[in-house]
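Here is a short tour of a protein chain, from its overall build down to one residue. Have a look at the structure, then read on.

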Amino acid sequence: MDFLKLIKKQRVESHKETWSGNFVDYLKLLQSDSTIVKLAAKRVVDSVESYGVETLSDAESRCRKLFDGDKLKVYNYFNDEFYGHERVIAKIMRFLKSAAMKGEEGRQVLLLMGPVGSGKSALADALKKSLEKAADPVYHLEGCPVREEPLHLLPRSLRDEVSKVLGIHIEGDLCPVCRYKLLNEFNGEYEKFPVVRSSFSQRARRGIAVVPPMDANSQDVSALIGSEDISKLDKYSEDDPRVLNLNGAFNTGNRGIVEFVEIFKNEIEFLHTILTATQEKQVPTPGKNSMLYFDGVILSHCNEAEWNRFKSEHTNEAILDRVVKIEVPYVLELTQEIKIYEKMLRRSDFKAHLAPHTIKIAAMFSVMSRLKPSQKCDLLTKMKIYDGQEIVEKGRTRKVDIRDLRDEARHEGMDGISTRFITKAIDSTLTDSEKDFITPMRVVESLIKQVKEQIIDEEKKKIYLEILQKSIREEYLKILEGEIAKAFVTAYEEQAQSLFDNYMDNAEAFTTRQKMKDRITSEDREPDEKFMKAIEEQIGVTGTSKDGFRADVTAYMFAKIRRGAKVNYRSYEPLKEAIESYLISSVKDMARIVTKSKSRDSEQQKKYSEMIDVMVKDYGYTPDSAEETIIFASNNLWRDS
């Protein structure tokens, strides 16, 4: 590659992107494209929506099961970074859109509140980066410390007329620095004032400002509104704009975003500037200069404890009235939680092979730790329902409704194990591994160790260890039992589909009270009650509950067919589980003998080798990880046999 040529090309393209002219040139630009004038919130919305917006349709399974068929908007800009946060992002964008339309939200602080590691900072960073990536640059007065809108030059007597011509609304006044410059350098001839174009940059403090939390001793309002240059006070008076250093957060973040990190860690006095910045859209200037117009999105975040402490003080009511709180809970959807860890691992340099279910088992623990106990089902079942799986609890005729579970635990997801906690355990397992692979149980061992060492609350520690050592372990063994049996069964998929077709024929005839035609003799016969019971008993559907189950299955399948969807044995989770359990039970004894046998005969060894091959080719194991997994299964699954 010719690096010099590449550098020159970039420099030429960068030069092409620059623009400069005077105020009249800028007005001509607005005549051809008035959308150049934008409020900060509108600019953020446009930059996000430029990547595309989609609406979850009711036909999509996830939308129907998890979002009650809500026509939820999904913003493509966030798709590769955020998983399971669709509702949170929709609320954020609703706030910004209202602010962009000059609604009340335009004079409010957006507060993201949630537990540690739930994604608050990441969401804030994404919004800031959207401005940096924005295709639309910002036009401003040359040399202005707050990069203000050039239309501020227009005297109020002309604004109504110009607004009608351009079809735009003009608000705001010149900053003291530009006012001084206009009067003293251009003799009040604002049409000659130079206008330039630039982009947003957090690093260069152009339109994006970050206010970190400060302790009481280091807090200084100058971090927000700038300061006076003391060295110039012996030459100029305090009300002279030439003494101003407008480099505070509200100055550099003007026309963009001002972020307050862990906002309520600051003293209340430090936050008083927010009062005028929101409702009056003005901030003080240092010394004795006039108030400064401010147009920006004020974005903040905190955890729940700090929020509760802050709102408990009645003296904070003025600021609380200017805050729109959006909760950012932990992800409760297993599939989406898995994607988070997969994303993090893709960005790391770890090369070891992860045996199947390793990430899933870790994600199961994090999600289950965040769920509230319910009388309607156990935590494992609740996790599966929240993941959109069709679950029928044993002994029930109807599946548990996700809305009922959510109604009884509205605060769910605001505590539990954080994403960082799980990531550290996975990283630790990968680092300590002496082999080129890790398995789910190694990660579980790492999580158990981490819980014992890092969780201080004894009650929580007990709950977390029970989830890991009992619920997670049992579920993993159940997964392994099915996986090994599937690897043992020849033409498993075909057999499962055949059982499904046979069951559906019988269930439909039973539900509609019709007879069936025998496929061999073509004679009419009654539905095969014995066969259906053998399938249903696998998931605890017995007695009178069988009628409701069969009606549910039949109705569900017909509904899918009406929507044009294909149905197979995987279409309805409870029936899928029943069919798989039926198949697995038929070969379990043989699989047990083959896997546990220490001295296999030639036939058993052949079958064992075939199992390893299937696990490698079809399930994603390596030969070594498959071998270790089978050894673990044989030592724990069939210990008493």
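In this predicted model, the protein chain has a secondary structure of 26 helices and 18 strands. How spread out is the chain compared with a compact globule? Its radius of gyration is 32 Å, while the globule rule gives 26 Å for 641 residues; the value is well over the rule, so the chain is more spread out than a compact globule. You can see the extent of the C-alpha trace along the principal axes too, at about 105 × 65 × 55 Å.

The table gathers some values for the whole protein chain.

| Property of the protein chain | Value |
|---|---|
| Share of the 641 residues that are buried | 49% |
| Exposed area | about 32100 Å² |
| Share of the exposed area from carbon and sulfur atoms | 48% |
| Distance between the mean positions of the positive and negative charges | 2 Å |

The charges in that last row are 101 positive and 106 negative ones. Contacts tell us about the fold as well: among those between residues at least 6 apart in sequence, 70% join residues at least 24 apart.

Now let us zoom in on one residue, Thr 439. Where does Thr 439 lie? Its place is the loop between strand S16 (437-438) and helix H19 (440-454). Is Thr 439 buried or exposed? Its relative accessible area is 6%, and buried means under 20%, so Thr 439 is buried. Which residues is Thr 439 in contact with, leaving aside neighbours within four places in sequence? They are Ala 355, Thr 358, Glu 628 and Thr 629.

How values were computed
Residues are numbered from 1 along each chain as its sequence is written. This is a predicted model: local features need pLDDT of at least 70, side-chain atom pairs count only at pLDDT 80 or more; totals for chains, interfaces and linings use all residues. Side-chain values use heavy atoms; hydrogens and water are left out. Helices (H or I, at least four residues) and strands (E, at least two) are DSSP runs, numbered from the N terminus. The radius of gyration is taken over C-alpha atoms; the globule rule is 2.2 Å times the number of residues to the power 0.38. Buried means under 20% relative accessible area, exposed over 50%, partly exposed in between (1.4 Å probe, protein chains only). Contact means heavy atoms within 4.5 Å. Accessible areas come from the Shrake-Rupley method with a 1.4 Å probe; for residues, only the protein chains shown count as cover. Lys and Arg count as positive and Asp and Glu as negative; His and the chain ends are not counted. The place of a charge is taken as NZ of Lys, CZ of Arg, CG of Asp or CD of Glu.
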